[in-house]
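Reader: Before I trust any labels, could you walk me through how they were assigned?
Author: Sure, have a look first.

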There are 2 protein chains.
Amino acid sequence: MATRKLLLLPGDGIGPEAMAEVKKLIDMMNADFNAGFETEEGLVGGCAYDAHGQSISDADMDKAMAADAVLFGAVGGPKWDGVPYEVRPEAGLLRLRKEMELFANLRPAICYPALAATSSLKPEVVEGLDILILRELTGGVYFGEPKEIIDLGNGQKRGIDTQVYDTYEIERIAGVAFELARTRSNKVCSMEKHNVMKSGVLWKEVVANTHKAKYSDVELTHMLADAGGMQLVRWPKQFDVIVTDNLFGDMLSDVAAMLTGSLGMLPSASLGAPDEKTGSRKALYEPVHGSAPDIAGQGIANPIAMIASFAMCLRYSFNMVEEADRLEKAIASVLEDGLRTRDLMSEGMTEVGTTAMGDAIVAKYKALA
Amino acid sequence: MATRKLLLLPGDGIGPEAMAEVKKLIDMMNADFNAGFETEEGLVGGCAYDAHGQSISDADMDKAMAADAVLFGAVGGPKWDGVPYEVRPEAGLLRLRKEMELFANLRPAICYPALAATSSLKPEVVEGLDILILRELTGGVYFGEPKEIIDLGNGQKRGIDTQVYDTYEIERIAGVAFELARTRSNKVCSMEKHNVMKSGVLWKEVVANTHKAKYSDVELTHMLADAGGMQLVRWPKQFDVIVTDNLFGDMLSDVAAMLTGSLGMLPSASLGAPDEKTGSRKALYEPVHGSAPDIAGQGIANPIAMIASFAMCLRYSFNMVEEADRLEKAIASVLEDGLRTRDLMSEGMTEVGTTAMGDAIVAKYKALA
Ligand SMILES: [Mg+2]
Ligand SMILES: [Mg+2]
């Protein structure tokens, strides 16, 4: 039996409640399907600061580095608004991303048929939508130097940020895009602004070269990032995998998320480079939503984004494609049955709490097996 | 009688056909309403290259600098694909923007009720939408230095762009935003990424200071640009004026345009600094659509974006607010009457050509007077 090492970092707010539902799934998959998951748990965010004054401890960082995958809940809340900047809750996530070198951020935009009506877009535009925005996460204008505000005198200041991409950074994210596309509809659209940015010129060139050298079986198109934003709104189903830089990915993944009408439902994954020995990538999975401190502890949080993040973990860290498909189908199916947590509640549906939603998905998963 | 000096630059493709309909309006307003427009005409784009080998001549640049406002059609087409880079059709527009110092790009996103059904968004989300994206047009990452691709050896290159904003650049665009808001619903939302960009930190600070110093009667909010993209898709009517930098404005104005479902209908304006003596701003008005060479000369082009650009000219260059309102109402009204150019045609509507659409708007304008 394979051993699969997971580190669970539930974090703050609704993180622990959502993670509890994933634990049920893990226990069931171990008991009933011999999945061989071994879990450890750690602290991240405000709860870590309360325990030991750091947003994540060195010991928990070590566990993250040793795990096959990290499941991350959510961090932050008003309780920690006053803590020093370098130990604020978000710093824990940034440290994980940095030390695990998670350069590839996967943001699926999936529209469950049962929820298509909640989108601001017409149902026919978004129903069944299943696209993947792949955002470069460790380079670009958010990290390049110089990055400063200079005092020019006479009341004038100058704000500077630097967009920088090297060939190898573009090559590795392009490689992930093509590999992901092969497991999906085999189409990649690369977005940049080569008409006005030199980094865009290099981006386009390197993506094209990578395609030609190793992935010419995948369909590749290029689009200007602003036109890409337009096309996402006009007819998003034209896309399969979109690969883009850190800044454009920040914008476009959020626009794509909003198309689905259910932001609180979306999972994400952040992947690192493959290990030289094992070929497996460091990986962290987390819901797109935040810690929602206003509803924490009330048993009403929607656990679906966290569970869907676990489905991504099955797919991308453990190649358990069948199980991932089944879990995603279980989610869609309980929604079709009319079950809704409070955030999704609408007339004629059945309102359930966090644990009841988790139980229903566990039961559905078993029924689908 | 006031004299109002207009330079018309019809350009290439469908530009001249669309401009012909604006000329009708000008003639009518002079004849029937004593508007006092004086027009000159010049060449820009491919037609200028054909005439004298430049994308715009010095003589026509002089006319642009001397005019109260420039009306610009569209430039480019496959005929000029092979001309040298520095005299390509687009270079004419870039020279105008640069020498006239047009730092403020106004991109209204208006959804005519009669066309709400053509949007990919639900009618109730976009019907009657009337927001204005104000994009800084001469600074930021598209112009900052260094801007280059460096060869690092070993097959590695580095692409660099530099995002730079100085206090005065932010101050002047913020001033335009607040002044525009005062003529509308008196609300400004400023968008940046201060959480990850130093230029965003400065942007937010300068906008807030400008507001406090001179425009505290206007409602000001701040939003992260990625959240802004989301909110544009979720519920765009929450906004009035959005002010943002060159890059975010490039993205967000296109997303906003696509919300309306009728990209070919949208006007734009680009404004410069006020003249020290007269207080009037240099200004250029142009449709968002391109030169559409595939349908040029067939009499089927939609002139509405060009006519709506002239309405912006009335409003912003000549303070002819009543006339601008009337012209915009005339456009909405002929659409309600069911008139459609081919690009907008749908069942039950009446298809008309370019001149018939222009004639109908002229007649409606007079009827509304
Ligand atoms: Mg974002
Ligand atoms: Mg654009």
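What follows is a short exchange about the labels and the cut-offs behind them.

Author: This is a predicted model, where local features need pLDDT of at least 70, side-chain atom pairs count only at pLDDT 80 or more, and totals for chains, interfaces and linings use all residues. Residues are numbered from 1 along each chain as its sequence is written, chains are lettered from A and ligands numbered from 1 in the order in which they are written, and side-chain values use heavy atoms, leaving out hydrogens and water.

Reader: What makes A:Cys189 buried or exposed?
Author: Buried means under 20% relative accessible area, exposed over 50%, and partly exposed in between (1.4 Å probe, protein chains only). A:Cys189 has 4%, so it's buried.

Reader: Why is B:Cys47 not in a bond with the closest cysteine sulfur?
Author: A disulfide is a pair of cysteine sulfur atoms within 2.5 Å. The closest sulfur to that of B:Cys47 belongs to B:Cys313, 20 Å away, so that's too far for a bond. Over all chains, the count is zero disulfides.

Reader: Why are α1(B) and α12(B) called roughly parallel?
Author: Helices are DSSP runs (H or I, at least four residues), numbered from the N terminus. Helix α1 (residues 15-33) and helix α12 (residues 354-368) of chain B pack at about 25°. Angles under 35 degrees count as roughly parallel, so these two helices get that label. The angle runs from 0 to 180 degrees between N-to-C directions, with axes fitted to C-alpha atoms over the stretch in contact (heavy atoms within 4.5 Å).

Methods. Angles under 35 degrees count as roughly parallel, over 145 as roughly antiparallel, 65 to 115 as roughly perpendicular and the rest as oblique.
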